[in-house]
Amino acid sequence: MRILITGGAGCLGSNLIEHWLPQGHEIFVIDNFATGKREVVPEVPGLTVQEGDIADPALVEACFAQLKPELVVHSAAAYKDPDDWVEDARTNVIGSAYIAKAAKTHGVKRLINFQTALNYGLPTQLPIPVSHPSAPFTSYGISKTAGEQYMLLSGVPTLSLRLANVTGPRLAIGPIPTFYKRLKAGQGCFCSDTARDFLDMSDFIAFMDLAIKEDAPTGVFNISSGEAHTIKEIFDIVTDYLGLGRQEVPITPPAADDVPIVALDASETLKAFGWKPKVSFSDTVKRQMAWYDKYGITDVYSHLKAPSANK
């Protein structure tokens, strides 16, 4: 299958490439390397990499014309500066619109969009059902929600996935790499008084193998464990893993741009795809740190602002 992946040098895209390329798929990546890493998409047979911006319509058109993709996986997103609203809108809204238009123009058979759980805003129900209204209140959530709507408007059979915190090789965002990196360096940490839904990369990839089938369902689905685990739970697992024992750590209230609890109800996904995660929360975190032991961590990003007291 000819697959175009936007943001293919990021965590999710690069893991999909490693999984799909050996199966004989032809893969084309568009990435501006703002957060992705060039070294994870080397020059190997079957993989073409185009450095560039999805908000550049001429570049998007040229890439679609060259590959003639059957499947598009839209993974590109701007998220590293929560105050850069213009960049978020340029990449996550305008860029998504160009990808959606090109997919329609070039007869793409299937479009898979990666969406943030922040599109739900402050949920009124937990775990959050996929039918919950969208009410984003951050630049990242607002721009990703608008981008999702362009994907669904494209007329191409579209599957938009509202993702839990997918955890696996090259993860460079969130509390696990932050705690691991800071504690190894002897630096202090804090825990926001929040809880999140974590999903192991192997479970995510198992779902994606189902999602790319031509006769797979379309629409909007939550991809998640359905369990909310506190940031303090992660801190404790990391300190235990590093042999530091249980440590006191400041617990701070959720920031103004944060959501206290995110847990996504994936029951509709189970009904439609017969999929459910297999790796436990504890094993997910430990597997992540074992990967860092072997390969290290590079940059760590967050789309949330740190509490001022900890800057």
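1. In this predicted model, helices H5 and H9 pack with their axes 11 Å apart and at an angle of about 50°. That angle makes H5 oblique to H9, because it falls neither under 35 degrees nor in the range of 65 to 115. The crossing in which H5 passes H9 is right-handed. On the H5 side the residues that meet H9 are Ile176, Pro177 and Tyr180, and on the H9 side their counterparts are Val285, Gln288, Met289, Tyr292 and Asp293.

2. H5 also packs against helix H7, and here the axes come within 10 Å and cross at roughly 40°. These two helices are therefore oblique to each other, and their crossing is right-handed. The contact draws on Pro175, Ile176, Phe179, Tyr180 and Leu183 from H5, and on Ile231, Ile234, Phe235, Val238 and Thr239 from H7. A reader following H5 through both interfaces will find Ile176 and Tyr180 listed in the contact with H9 as well as in the contact with H7.

3. H7 itself spans residues 231-241, and its buried residues are Ile231, Ile234, Phe235, Asp236, Ile237, Val238 and Thr239. Which elements cover these buried residues of H7? The cover includes two helices, H5 (175-184) and H9 (281-295), together with strands E8 (191-192), E9 (195-196), E10 (198-200) and E12 (229-230). Just after the helix, Gly243 takes a positive phi of about 75°, which may be worth viewing together with the end of H7.

4. Ser192 deserves a separate look, since its place is in strand E8, one of the elements that cover H7. Is Ser192 buried or exposed? Ser192 counts as buried because its relative accessibility is 18%, and the cut-off for that term is under 20%. Leaving aside residues up to four places away in sequence, Ser192 touches Ile231, Thr252 and Asp258; of these, Ile231 is also among the buried residues of H7. The C-alpha atom of Ser192 is separated by 7.9 Å from that of Ala255, although the two residues are 63 apart along the chain.

5. Turning to the sheet, seven strands form an open arrangement in the order E3-E2-E1-E4-E5-E6-E11, with parallel pairing. The edges are taken by strand E3 (47-51) and strand E11 (219-223), each of which has a single partner strand, so one side of each is left without a neighbour in the sheet. From one strand to the next the twist averages 20°.

6. At the E3 end of this order, E2 and E3 run parallel and are joined by five bridges, with Asp31 standing opposite Glu51 in E3. Helix H1 packs on the sheet, where it touches E1, E2, E3, E4, E5 and strand E6 (158-163), and the direction of H1 makes about 160° with that of E1.

7. Strand E1 (residues 2-6) is mostly covered, with four of its five residues buried. E1 is joined by five bridges to strand E2 (residues 26-31), and the two run parallel; within this pairing Arg2 stands opposite Glu26 in E2. Between these strands the chain passes through helix H1 (residues 11-20), and the resulting β-α-β crossover is right-handed.

8. E1 also pairs with E4, in the parallel sense and over four bridges. Two positions help to fix the register when the model is inspected: Leu4 has Val72 of E4 as its bridge partner, while Ile5 stands opposite Val73 in E4.

9. How are the two faces of strand E4 (residues 71-74) covered? Leu71 and Val73 are buried on one side, and Val72 and His74 are buried on the other. This can be read against the general rule that side chains in a regular strand alternate between the two faces of the sheet.

10. E4 continues the sheet towards strand E5 (residues 110-116), with which it pairs in the parallel sense over four bridges. In E5 the bridge partner of Val73 is Ile112, and Val73 is also the E4 residue that Ile5 stands opposite. Together with helix H3 (residues 85-105), E4 and E5 make a right-handed β-α-β unit, and the E1–H1–E2 crossover is right-handed as well.

Notes
Residues numbered from 1 in each chain as written. Predicted model: local features only at pLDDT ≥ 70, side-chain atom pairs only at ≥ 80, totals over all residues. Heavy atoms only, no water. Buried < 20%, exposed > 50% of the residue type's maximum accessible area, 1.4 Å probe, protein only. Contact = heavy atoms within 4.5 Å. Pairing = 2+ DSSP bridges. Right-handed = clockwise from strand over helix to strand, strands pointing away. Axes fitted to C-alpha atoms, helices over the stretch in contact; angles between N-to-C directions. Parallel < 35°, antiparallel > 145°, perpendicular 65-115°, else oblique. Left-handed = near helix turned anticlockwise from the far one by under 90°.
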